[in-house]
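Visitor: Could you take me through this structure slowly, and tell me at each step what a term rests on?
Guide: Gladly; please have the sequence and the model in view as we talk.

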Amino acid sequence: MKKIINRKNAAAVACAAMMICAAGAVPDSVLSVSMPVQAAEAVEQTSLPQVTGLTSKTPDISSIRLSWNAVSGADGYSVGMRSKGQYPEIADVTDTTYLVTGLPAATRENFKVRAYKIVNGQKVYGDYSVNYNSATNPRPISGLKAQTGNASVSLSWKNVGCSNYRVFMLKNGKWTQIAQTDTNSYTVIGLDAGSYKFKVRACKRDDKGANHYGKYSQEITAQAVMVNKVTGLTSKTPNTSSIKLSWNAVSGADGYSVGMRSKGKYPEIADVKGTTYTVKGLPAATRENFKVRAYKIVDGVKIYSDYCENYNSATNPRKVTGVKASDITASTLDLNWKSVGCTSYKVFIYTNGKWKNIASSTVNSCAINGLYAKTTYRFKVRACKTDDKGSNHYGAYSEEITVKTPDHTVEVINGMSYVDGVLLANKTYSLPASYDPKGLTKETSAAFKKMQTAAYKDGISLWVCSGYRSYYDQRYLYDMYCNRDGKAAADKYSARPGYSDHQTGMAIDVNNASDSFGGTREAKWLANNCAKYGFIIRYPKGKEAYTGYQYEPWHIRYVGTPLAQNITNSGLSLEEYFGITSQYKD
């Protein structure tokens, strides 16, 4: 007879066989086969299934109540609790429930249970249940406190061992969870002014993700107040070392905290009751940044609003000193002064009974152009500091200086005549036959292109009809006109060779060099706008006695923008403006 014995019951079979042999109940001939088989069959009949349905409840902070499904035929159950990776037995019970006691609060624990049946006085065990995770409840929260804030309440409590804390607020008569936090504090924000109730409890999450809660703390009542943000922050800079701040009053505020930026933060520099504060002892021409917030005092504690928006300002620069004029000509001069810390300098001229800003410079000097000869001028300068928001803060005006320009003087260099740096070519002042700029000068060409572009945007087309002419080109034209109309007539509209404005490389005949150009849209635009780009109408109408030539609305001459605007605004011809003649000697 052959019998297969389950390996899992091998130990039980061996034990049963030994017991039978010891009793001497069978002959020796039977022991070799019959006795072990009988014992194995007896043990096999006691095999128990695995425990199922293991679960738990956590009634308090130090115990866990386990329960499980009953196993049919079991005589009892062994309860194991994990320790160092093993599950040593902590209880032997005959019921399907067990209360594990004496555990630390908020502690994760792991359990297994197996059933057993007693066979011949020995416990025969079934397989362990699946590992079951649980945890004890955290301790109750104590020491709950509240701090009134601006539209907020800050809660804090004593730490207890747990996974997190749940914060509850009484809303519409019901306790509602409003937050979960890992720390022992929480600030409730977005509250209206009023009274609120809160409570907190701890939560321990076990290894399977189930939550175990401690008891609620005692409820606490707290107040939230509303302190509005400061608005309308502005400033004035009365001098070089102070800034006066002012802002709109905040209803209900008990005071205001003024902060000035330092290393990226805004430490408080003043606590004031009013809505103004003067910051003193600052360096001159220094950018500064400020914030202001209101506060209300509740139970002796200042409750602050949010800061207002960052406000940029600056102290005034120091007064400019040492203003002097140099390199004075009939139409230009240079102003110089001592440097002060600032962003720029503003230069003023006294004209028509008022001081007018005519220039800005980032250095301590400025070139003044477009002046009239034999004229007395008054100047003064002040420094300007621009703050981070682009507002300007000015220092005191310098002492004014008075400068008189000399008369225009004609200077001859290499056979060419200049008046205040302007190259002359008319019936009085000639150019050598060798003078050849090889076309229009770069400045003249660039200025014309710029003017041409501006005209095009206004629907006006301008082009060069005639530009540079050499000495020899002009001689050919002049001789042709003399042969055709006679010398006296030719001298009224054509220059002799060496006396032509075109030889300078700075004169242009625009579009159509004939009387038909006058009165056209192009001629009117040219007369009204050419000075903006450095050109003058070289031979204006009614100025024949001064220029020596008839009116030519198409003929423009480049002299630079400041001088062109001065000459045009004066209503004078170039000869009148410089006080020079235009007459041939013969």
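**Reasons behind the words**

Guide: A151 lies in the loop between β9 (145–149) and β10 (152–156), and please keep in mind from the start that this is a predicted model.

Visitor: Why does A151 count as buried or exposed?
Guide: Buried means under 20% relative accessible area, and A151 has a relative accessibility of 13%, so A151 counts as buried.

Visitor: What is the value of phi in A151?
Guide: Phi of A151 is near 60 degrees, which is a positive value in a residue other than glycine. Most residues other than glycine have a negative phi.

Visitor: Which other residue has a positive phi although it is not a glycine?
Guide: N172 has one, of about 50 degrees, and N172 sits in the loop between β11 (164–171) and β12 (174–181). With 83% relative accessibility, set against the cut-off of over 50%, N172 counts as exposed.

Visitor: What makes R108 and D207 a salt bridge?
Guide: The rule asks for a side-chain nitrogen of Lys or Arg within 4 Å of a carboxyl oxygen of Asp or Glu, and the side chains of R108 and D207 meet at 3.5 Å, N to O, so the pair is a salt bridge. R108 lies in strand β6 (residues 108–119) and D207 in the loop between β14 and β15 (211–213), so the pair ties together parts that are 99 residues apart in sequence.

Visitor: Why are R108 and D207 called partly exposed?
Guide: Partly exposed covers the range between the cut-offs of 20% and 50%; R108 has a relative accessible area of 37% and D207 one of 44%, so both are partly exposed.

Visitor: How do you know that D388 and R261 meet in a salt bridge?
Guide: Their side chains come to 3.7 Å, N to O, and the limit is 4 Å, so the pair passes. D388 is in the loop between β30 (376–386) and β31 (392–394), while R261 is in the loop between β19 (255–260) and β20 (268–272), so the pair ties together parts 127 residues apart in sequence.

Visitor: And what about K319 and E399?
Guide: Their closest N and O atoms are 2.7 Å apart, and this pair too forms a salt bridge. K319 is in the loop between β24 (311–314) and β25 (324–326) and E399 in the loop between β31 and β32 (401–404), 80 residues apart. K319, with a relative accessible area of 37%, is partly exposed, whereas E399, at 55%, counts as exposed.

Visitor: How many salt bridges are there by this rule?
Guide: The count comes to 21, and D501, R538, R557 and E575 are linked in a network of salt bridges.

Visitor: Why is K199 said to have no salt bridge?
Guide: The nearest side chain of opposite charge, E219, is 5.8 Å away, and a salt bridge must be within 4 Å, so K199, which is buried, has none. K199 is found in strand β14 (residues 194–205), and, leaving aside neighbours within four places in sequence, the residues in contact with K199 include L144, R166, W175 and E219.

Visitor: What lies in the largest pocket, and which residues are the closest to its centre?
Guide: About 540 Å³ of space lies there, and of the 18 residues that line the pocket, the closest to its centre are I349, I358, N369, G370 and N566. The largest share of the lining, 4 residues, comes from α9, and by class the lining has 10 nonpolar, 7 polar and 1 charged residues.

Definitions and conventions:
Residues numbered from 1 in each chain as written. Predicted model: local features only at pLDDT ≥ 70, side-chain atom pairs only at ≥ 80, totals over all residues. Heavy atoms only, no water. 1 Å grid on protein atoms, 1.4 Å probe; cavity = no way out; pocket = protein on both sides within 12 Å on 5 of 7 lines; lining within 4 Å. Points joined across faces, edges and corners; volume = space filled by probe spheres on them. Helix = DSSP H or I, 4+ residues; strand = E, 2+ residues; numbered from the N terminus. Nonpolar A, V, L, I, M, F, W, Y, C, P; charged D, E, K, R; others polar. Buried < 20%, exposed > 50% of the residue type's maximum accessible area, 1.4 Å probe, protein only. Lys, Arg positive; Asp, Glu negative; His and termini not counted. Contact = heavy atoms within 4.5 Å.
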